[in-house]
Amino acid sequence: FNFIKDPDTTVDGFFAHEAQAVIPEAVTGDKDGEEMQGIDHSKIVPLLTAALQEAITKIETLESEVASLKG
C-alpha cells in the first residue's frame, strides 16, 4: 500500500481498518480519523504463529494420507 501523505513510497503491511475487524485489540485509532491508525504487530504474531502451526499439522496429516494411499 501507499500512505496518503507519501503516495510514491510503497510499503508491505496490513491496512489497519481491515485488521481491526479481525484483531481489534491490535489497532489504535479510528478509520478516517484525524490521526493515522496504527497496528501493534506484536499482538498479531501469536495468532499468525498458531495459524501456521495448525496449517503445518493439516499438511502433515494430508501427506500421511497420501503416502498411505500410494502404498
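1. Let's start with the lining of the largest pocket. Sorted by class, the lining has nine nonpolar, seven polar and seven charged residues. Keep in mind as you read on that this is a predicted model.

2. How big is that pocket? The volume of the largest pocket comes to about 720 Å³. There are 23 lining residues, and those closest to the centre of the pocket are Phe 1, Phe 3, Ile 4, Met 36 and Gln 37. If you want to find the pocket by its secondary structure, look at strand E1 (2-3), helix H1 (16-22) and strand E4 (38-39), since each of them gives at least two residues to the lining. As for the idea behind the search, rolling a probe the size of a water molecule over the atoms shows where empty space is left.

3. Now step back to the whole chain. You can count two helices and four strands in the protein chain. Which order do they come in? Reading from the N terminus, the elements go β-β-α-β-β-α.

4. What about overall shape? The C-alpha trace of the protein chain spans about 60 × 30 × 15 Å along its principal axes. A compact globule of 71 residues would have a radius of gyration near 11 Å, whereas the protein chain has 19 Å. On the burial side, 11% of the 71 residues in the protein chain count as buried.

5. Helix H2 deserves a quick sanity check. How far apart should the ends of H2 (residues 45-70) be? At 1.5 Å a residue, the 26 residues of this helix should span 38 Å, and the C-alpha atoms at its ends are 37 Å apart, so the two agree. Just past H2 you meet Gly 71, which has a positive phi of about 85°.

6. Glu 63 is a handy landmark, as this residue lies in helix H2. Is Glu 63 buried or exposed? Its relative accessible area is 53%, and because the cut-off for exposed is over 50%, Glu 63 counts as exposed. For a sense of distance, the C-alpha atoms of Glu 63 and Thr 9 are separated by 42 Å, with the two residues 54 apart along the chain.

7. On to salt bridges: the structure has two of them. One joins Glu 54 to Lys 58, with 3.4 Å between the closest N and O atoms. Both residues sit in helix H2, four residues apart, which is about one turn of the helix. Why does that spacing suit a pairing of side chains? An α-helix has 3.6 residues a turn, so residues three or four places apart point the same way. Glu 54 has a relative accessible area of 48%, so this residue is partly exposed.

8. The other bridge links the side chains of Lys 31 and Asp 32, at 3.1 Å from N to O. Are the two partners alike in exposure or unlike? Lys 31 has 46% relative accessibility, so it counts as partly exposed, while Asp 32 reaches 71% and therefore counts as exposed.

9. Asp 32 is worth one more look. Where does this residue lie? You will find Asp 32 in the loop between strand E3 (27-28) and E4. Its backbone has a positive phi of about 60°, although Asp 32 is not a glycine.

Technical notes. Residues numbered from 1 in each chain as written. Predicted model: local features only at pLDDT ≥ 70, side-chain atom pairs only at ≥ 80, totals over all residues. Heavy atoms only, no water. Expected span 1.5 Å × (residues − 1). Salt bridge = Lys/Arg side-chain N within 4 Å of Asp/Glu carboxyl O. Buried < 20%, exposed > 50% of the residue type's maximum accessible area, 1.4 Å probe, protein only. 1 Å grid on protein atoms, 1.4 Å probe; cavity = no way out; pocket = protein on both sides within 12 Å on 5 of 7 lines; lining within 4 Å. Points joined across faces, edges and corners; volume = space filled by probe spheres on them. Nonpolar A, V, L, I, M, F, W, Y, C, P; charged D, E, K, R; others polar. Rg over C-alpha atoms; globule rule 2.2 N^0.38 Å.
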